[in-house]
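Work through the exercises below with the sequence and the structure open beside you. Try each task before reading its solution.

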Amino acid sequence: MKTKTIPLTISSSLLAILLVISYAFNPGIEEKIKDGKVIYKKNCAVCHMKNGKGVPHTFPPLVKSDYLTNNSKEKLIKLLLNGQKGKIVVNGKKYNNVMLPLKNLSDYEIAAVLTYINNNFGNSGPEYFSEEIKNQR
Ligand code: HEC
């Protein structure tokens, strides 16, 4: 009897510990959006503006951006990692400017900021995960 219950207790407490660890390393979407907001203010707002409206003819908007809905997760991750230059059209307006790569941000920071812009500024897009960023580096 005893020999059976002990391993069971050990394995269930191990499971509990693993669960706690995985939560700690994979914060829920709400937490991610909160972190993304801070990262956005620091790294993106200078061009895209705090309200996400951008600057006409110069910096495209993130507010209800059709670029976010028309492009794959992969493409948007690459845009942050490699930057973007040349002609693009956002919400029917043309831009032809340069956005520098933001490779210096961590996988989690990129996942958080992409989750934030996709779930703020009138957008409702997917959650991004650190693993997905890592795979595109
Ligand atoms: C130095 C200015 C600058 C910074 C900083 C910057 N961007 Fe950009 N971003 C641009 C420009 C310019 C373009 C359009 C490039 C072109 O014309 O090809 C762009 C395009 C985009 C696009 C695609 C178009 C759209 O409006 O949906 C997204 C998404 C985007 N940026 C997100 C971000 C995020 C997120 C950050 C911060 C982590 C960031 N940018 C930081 C200048 C910037």
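A residue counts as buried if 20 or more other C-beta atoms lie within 10 Å of its own, as exposed if 12 or fewer do, and as partly exposed in between. The model used here is a predicted one.

**Exercise 1. Outline of the chain**

Task: State how many helices and strands the chain has, and give their pattern along the sequence.

Solution. Step 1: the chain contains seven helices and two strands. Step 2: read along the sequence, these elements follow the pattern α-α-α-α-α-β-β-α-α. Step 3: the chain has 137 residues, and 20% of them count as buried. Step 4: take the contacts between residues at least 6 apart in sequence; 59% of these join residues at least 24 apart.

**Exercise 2. Two positive phi angles**

Task: For Lys-64, find the value of phi, the place in the chain and the class of exposure.

Solution. Step 1: phi of Lys-64 is near 45 degrees, which is a positive value in a residue other than glycine. Step 2: Lys-64 sits in the loop between helix 3 and helix 4. Step 3: there are 13 other C-beta atoms within 10 Å of Lys-64, so this residue is partly exposed.

Task: Do the same for Asn-91.

Solution. Step 1: Asn-91 also is a residue other than glycine with a positive phi, here near 50 degrees. Step 2: Asn-91 belongs to the loop between strand 1 and strand 2. Step 3: Asn-91 has 12 other C-beta atoms within 10 Å and is therefore exposed.

**Exercise 3. The two strands**

Task: Describe how strand 1 and strand 2 pair, and what joins them.

Solution. Step 1: the two strands pair in the antiparallel sense, over seven bridges. Step 2: strand 1 and strand 2 form a hairpin, with two residues between them. Step 3: two of the bridges can be named: Val-90 is partnered by Lys-93 in strand 2, and Gly-86 is partnered by Asn-97 in strand 2. Step 4: strand 1 is hardly covered, since the count of buried residues among its seven residues is zero.

Task: Which residues does Val-90 touch, leaving out those up to four places away in sequence?

Solution. Step 1: Val-90 is part of strand 1. Step 2: Val-90 has 18 C-beta neighbours inside 10 Å, so it counts as partly exposed. Step 3: the residues Val-90 touches are Pro-60, Pro-61, Ser-65, Asp-66, Tyr-67 and Tyr-95, not counting residues up to four places away in sequence. Step 4: take Ser-65 from that list; Val-90 and Ser-65 are 25 residues apart in sequence, and their C-alpha atoms are 6.4 Å apart in space.

**Exercise 4. Two packed helices**

Task: Decide whether helix 2 is roughly parallel or roughly perpendicular to helix 6.

Solution. Step 1: two packed helices are described by the angle between their axes and the distance between the axes. Step 2: helix 2 (residues 29-43) and helix 6 pack at an angle of about 95 degrees, and their axes are 7 Å apart. Step 3: helix 2 is therefore roughly perpendicular to helix 6. Step 4: the residues of this contact divide into nine nonpolar, two polar and four charged. Step 5: on the side of helix 2 they include Ile-29, Ile-33 and Tyr-40, and on the side of helix 6 they include Ala-112, Tyr-116 and Ile-117.

Task: Is Glu-30 buried or exposed?

Solution. Step 1: Glu-30 lies in helix 2. Step 2: Glu-30 counts as exposed because it has 9 C-beta neighbours inside 10 Å. Step 3: Glu-30 and Thr-115 are 85 residues apart in sequence, with a C-alpha to C-alpha separation of 9.6 Å in space.

**Exercise 5. A loop residue**

Task: Which residues does Gly-122 touch, not counting residues up to four places away in sequence?

Solution. Step 1: Gly-122 is in the loop between helix 6 and helix 7 (130-134). Step 2: with 9 C-beta neighbours inside 10 Å, Gly-122 counts as exposed. Step 3: beyond residues up to four places away in sequence, Gly-122 touches Val-63 and Lys-64. Step 4: Gly-122 and Ser-65 are 57 residues apart along the chain, and their C-alpha atoms are separated by 8.6 Å.

**Exercise 6. Around the ligand**

Task: How many residues surround the ligand, and which are the closest?

Solution. Step 1: 28 residues surround the ligand, and the closest are Cys-44, Cys-47, Pro-60, Tyr-67 and Met-99. Step 2: the shell divides into 20 nonpolar residues, seven polar and one charged. Step 3: among the elements that each supply at least two residues of the shell are helix 3 (45-48), helix 5 (73-82) and strand 2 (93-99).

Note on methods
Residues numbered from 1 in each chain as written. Predicted model: local features only at pLDDT ≥ 70, side-chain atom pairs only at ≥ 80, totals over all residues. Near = placed C-beta within 6 Å. Helix = DSSP H or I, 4+ residues; strand = E, 2+ residues; numbered from the N terminus. Nonpolar A, V, L, I, M, F, W, Y, C, P; charged D, E, K, R; others polar. Axes fitted to C-alpha atoms, helices over the stretch in contact; angles between N-to-C directions. Parallel < 35°, antiparallel > 145°, perpendicular 65-115°, else oblique. Contact = placed C-beta atoms within 7 Å. Pairing = 2+ DSSP bridges.
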